[in-house]
Amino acid sequence: MITLRRTLRALLVAVLCLFLVLFINTFRLRSLQPAPGENVIITYDADTAVQRLVGLLQIPTVSSSVNPSQHSSENIEDSNHFDALIAYLHAQWPTVFSTLSTQTFSGHAQLLRWEGRDKELEPLLLLAHLDVVPASEQNWQQPPFSGAILDGEIWGRGTLDDKGSVAAILESVAALIQQGVQPERTLLIAFGDDEEVGGYGAAAISRYLASENITPWMVLDEGGFVLSDSPLPVAAPVALVGISEKGYLSVKLTASAPGGHSSMPPRELAIFKLSHALERIHAHPFTATLDGPADKMFYWITTEMRWPERVLFSNTWLFQPLIISQLERSPGGNALLRTTQAPTLLSAGVKDNVLPESASAVINFRLHPHDSTENVITHLTTVINDSSITLTPLNEATGIIRKASRIDHPAFNTLAQSIRTSFPDAYVAPYLMVGASDARHYRNLSDQVYRFAPLRLNNDSLSLLHGANERISKDSFYQAIQFYANLIFLSNATADVVTPRAE
Ligand SMILES: [Zn+2]
C-alpha cells in the first residue's frame, strides 16, 4: 500500500515537473517582432502611379527560353518588347533615370545606382524582374496584357510577378527624389530581364558587382508574401521572408520487360513493375525534419502562435513528432519539412495489344537543404528495391542553397522593422522558399539575401501567380510603394544594432 502511494506521489511530482518545464519554455521566449514604427511620409499621385503600372503591364515582355543576349531572328519580336519596356521606364519615371545612373547587362537587364552620402556603408540592393511568363487568353476574365481596372483591382500578367514590384520600387524612389532626399546608404536596383527562364541577366549583374568588389548589405528579391492564411498556427497574417531555396531535380525511372503479344502475358510486365515502384516511392516519403529553415522560422514566430500550439512549438524537444504530423497535412507545411516528390510524366506502350518493352516515369523532386542528388538516388534505390529498374537523373540538382541567409544581422532586423511598419497586423517569419528566383545569383555576394514581395495574398490568390486572372488591388500596390520607401529610409540608419533575444 505504501509503495503504491509512493509511486503515485512520484508520478504526480514528475507530471508537475513536466508541466513546469513546458510552462517555463513557453514563457521564457520573448517576441522578436519589432514594434511597428511610423510610415515615412511620401507624396505621389496615386492615379498616375496606377496608370504607369498599367502601361508596364500592356507591354508583353514574355521571356523566351533563349538567353536574351543571344536574340535570334525568331525572338526578335520579344526583343522589341523589351526595348519598348526600357524606353517606357525612362519616359514614365524621368526623375529616377536622370538622378540614378543606369547600366545594361546581357540584353535588357538594368542596374540602377543611387549614390549614397556615406560611402562607407555597403549598398542596399533591390531586385525585381521585367519579364513575365506567357498567358493564354482563354481562362482570363480580362485580357492578360490589357491592364484593365475593375472594382479597385488592376488586372494583368505581371501584376504580382513581378512588374508590381518594378513599378512600386520606381514610384517610391521617385517620391523620395521629389522630396529632396538623398540616401545615406547607396541604393542599387537590379531589374532582371529573364528571371522566369534562368536569370542570365541577374547572373551578369552579379558578376559585375563581384568584379567591382561590391558586397551588398542586403539583397531583397521577390519570394514570400504577407499571407493571410499561412500554414502556421498564427491568428494574424504572416509575412514570409525566404532565407533559402529548395533544390530542383528530376529523375527518370525505367522498367524493362520482354515485349510480345498481350494475349498470353507473363507475370513480369514493365508497367506493373513501374507502378509497383511508384507505389513504394509514394509510401516512403523523405524524412521530415524541423532542423534547418523550419527551425529558424519557429525561432521567429513561436511567440506569436495561438494556444495550445505555442506550447507545442516552444517544446519541440518533446512534441516534434506531433508538430511534424500537423504541419505535413498541408502541402505548404509539408514542403517546408522535407524533400518532396511528384511524378509528373508517365509513358509506355504503343498499341493496346502489344506488351511494352519499357515503361518510364519522371519524378520531380524539390530538395530540402539537407538532401542532394546522391541522397535522392540512394533513397530511391533502397525504397524501390528492384535492381532491374534504372534511375537516371535528368539534371544535376540545381538551386539548393544549403546555407540560409543570416537572420542574426541588422539587415534582417531592418527588413522586419520595415515589414511591421508597412503591415502592422502581420508577423514576420523567415522560411524556405519552394521556387527559385533571381536572388540565388546574388547569394555569393552577401549573406543577407532575402526573398519577400510586399504584397498581401491568401491561398486563393497564390494560384494567380503564373496562372489566369493575375491581378492586384490598388490598395495593395500603394502599400508596396510605402513599404519600399520605409525600407530605403530605415536602411539609412548608420547605427547597426541587432536586438538580441532575452532568454
Ligand atoms: Zn517572379
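**Exercises on domains, cores and a small sheet**

In this predicted model, the C-alpha centres of domain 1 and domain 2 lie 38 Å apart.

**Exercise 1.** State which residue ranges make up each domain of the protein chain.

*Solution.* Domain 1 consists of 46–244 + 401–491, and domain 2 of 247–287 + 338–398. Domain 3 covers 289–335.

**Exercise 2.** Classify V362 as buried, partly exposed or exposed, and describe its surroundings.

*Solution.* Step 1: locate the residue. V362 belongs to strand β13, which spans residues 358–367.
Step 2: count neighbours. Around V362 there are 16 other C-beta atoms within 10 Å. A buried residue needs 20 or more, and an exposed one has 12 or fewer. V362 is therefore partly exposed.
Step 3: list contacts. Setting aside residues up to four places away in sequence, V362 touches S250, K252, T344, L345 and L394.
Step 4: check a distance. L346 is 16 residues from V362 along the chain, and their C-alpha atoms are separated by 6.5 Å.

**Exercise 3.** Find which residues touch the most other members of the largest nonpolar core, and which domains supply that core.

*Solution.* Step 1: the largest nonpolar core has 107 residues, of which A239, L415, A429 and Y450 touch the most other members.
Step 2: domain 1 and domain 3 each contribute at least three residues to this core.
Step 3: a separate core has 20 residues, including A255, L367, I384 and I389.
Step 4: take A239 as an example. Beyond its neighbours within four places in sequence, A239 is in contact with G224, V226, I419, F423, A426, Y427, V428 and F452. As background, nonpolar side chains tend to be buried together in soluble globular proteins.

**Exercise 4.** Work out which strands stand at the edges of the open sheet β4-β5-β17, and why one side of each lacks a neighbour.

*Solution.* Step 1: the sheet has three strands in the order β4-β5-β17, paired antiparallel.
Step 2: β4 (149–150) and β17 (471–473) are the edge strands; each has a single partner strand, so one side of each has no neighbour in the sheet.
Step 3: β4 pairs with β5 (residues 153–155) over two bridges, in the antiparallel sense. Within this pair, I149 stands opposite I154 of β5.

**Exercise 5.** Identify which elements have the lowest and highest mean pLDDT, and where the pLDDT is below 50.

*Solution.* Step 1: the chain averages a pLDDT of 89, and 95% of the residues score at least 70.
Step 2: among the elements, helix α14 (residues 459–462) has the lowest mean, 76, and strand β3 (residues 124–129) the highest, 97.
Step 3: the pLDDT is below 50 over residues 495–500, a stretch with seven contacts in the model beyond near neighbours in sequence. Where pLDDT is low, the predicted coordinates should not be read in detail.

Conventions. Residues are numbered from 1 along each chain as its sequence is written. This is a predicted model: local features need pLDDT of at least 70, side-chain atom pairs count only at pLDDT 80 or more; totals for chains, interfaces and linings use all residues. Helices (H or I, at least four residues) and strands (E, at least two) are DSSP runs, numbered from the N terminus. Two residues are in contact if their C-beta atoms, placed from the backbone, lie within 7 Å. Domain bounds come from an automatic or database domain assignment. A nonpolar core is a set of buried Ala, Val, Leu, Ile, Met, Phe, Trp, Tyr and Cys residues joined through C-beta atoms within 7 Å. Two strands pair if DSSP finds at least two bridges between them. pLDDT is the predictor's confidence in each residue, from 0 to 100.
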